Amino acid sequence: MRSKSVIWSIVSVLVLVSLFIVKVDVGPPADTRIILEHTYRTLISPPCFEQAEKTNNLGETTWSKAQQLGYKPESSCTEDSLRSVKEPLIYVIAYRFNLKESKWDW
């Protein structure tokens, strides 16, 4: 009986350690805020808005809708800000439960 508790302890420690070691690709959530530049048919991420080339023909939407529309990033700033990153699995869980802000919480 004692060997089962030792096995469960080892498995629990391995799972816990793997949450911090295993990294997965994380991209912007579907509901990430994006600014659309309708004249040029480009999208702008909020951190890049000030230096972006834009007209007054702007709109706001989500990342998933912007992808459906086929708008392209306005600059390398926007492209870089939307690029996926490798994060520990524990961070992904924390993002899902709103325990930690992601880099896309604009």
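Helices are DSSP runs of H or I spanning at least four residues, numbered from the N terminus. In this predicted model, helix 1 covers residues 2-21 and contains Val17. Val17 is partly exposed, at 40% relative accessible area. This residue belongs to a nonpolar surface patch. Its other members are Val13, Leu16, Phe20 and Ile21. Together the five residues present about 500 Å² of accessible area.

The interior was examined next. In soluble globular proteins, nonpolar side chains tend to be buried together. The largest nonpolar core in the model comprises 11 residues. These are Val26, Ile34, Leu36, Leu43, Trp63, Ala66, Tyr71, Leu82, Val92, Tyr95 and Trp104. Three elements each supply at least two of the core residues: strand 2 (33-37), helix 2 (63-69) and helix 4 (89-96). Within the core, Trp63 was considered in detail. Neighbours within four places in sequence were set aside. Trp63 then contacts Pro28, Pro29, Ala30 and Thr32. Trp63 also contacts Ile34, Leu43 and Leu82, and these three residues are likewise listed in the core.

A search of the whole structure returned 1 disulfide. The bond joins Cys48 to Cys77, with an S to S distance of 1.9 Å. The two cysteines lie 29 residues apart and link distant parts of the chain. Cys48 sits in the loop between strand 3 (42-44) and strand 4 (58-62). Cys77 sits in helix 3, residues 76-81. The S-S torsion is about -80 degrees, so the disulfide is left-handed. The two ends differ in burial. Cys48 has a relative accessible area of 1% and is therefore buried. Cys77, at 27%, is partly exposed.

Salt bridges were then surveyed, and the structure holds 4 of them. One pairs the side chains of Arg33 and Glu60, with N to O at 2.9 Å. This pair also connects distant parts of the chain, 27 residues apart. Arg33 lies in strand 2, and Glu60 lies in strand 4. Arg33 is partly exposed, with a relative accessible area of 33%. Glu60 reaches 55%, over the 50% cut-off, and so counts as exposed.

Arg83 takes part in two further bridges. Its partner in one is Glu79, where the closest N and O atoms are 3.9 Å apart. Its partner in the other is Asp80, where the corresponding separation is 2.7 Å. Because these bridges share partners, Glu79, Asp80 and Arg83 form one network. The three residues are partly exposed. Arg83 has a relative accessible area of 43%. Glu79 also stands at 43%, and Asp80 at 39%.

Backbone torsions gave two residues of note. Arg41 has a phi near 55 degrees, a positive value in a residue other than glycine. Arg41 lies in the loop between strand 2 and strand 3. Its relative accessibility is 46%, which places Arg41 among partly exposed residues. Asn98 likewise is not a glycine, yet has a positive phi of about 55 degrees. Asn98 is found in the segment after helix 4. With a relative accessible area of 70%, Asn98 is exposed.

How values were computed. Residues are numbered from 1 along each chain as its sequence is written. This is a predicted model: local features need pLDDT of at least 70, side-chain atom pairs count only at pLDDT 80 or more; totals for chains, interfaces and linings use all residues. Side-chain values use heavy atoms; hydrogens and water are left out. A nonpolar core is a set of buried Ala, Val, Leu, Ile, Met, Phe, Trp, Tyr and Cys residues joined through side-chain atoms within 4.5 Å. Buried means under 20% relative accessible area, exposed over 50%, partly exposed in between (1.4 Å probe, protein chains only). Contact means heavy atoms within 4.5 Å. A disulfide is a pair of cysteine sulfur atoms within 2.5 Å. Patches are made of residues with over 30% relative accessible area and no salt bridge: like charges are joined within 9 Å, nonpolar side chains (Val, Leu, Ile, Met, Phe, Trp, Tyr) within 5 Å. Accessible areas come from the Shrake-Rupley method with a 1.4 Å probe; for residues, only the protein chains shown count as cover.
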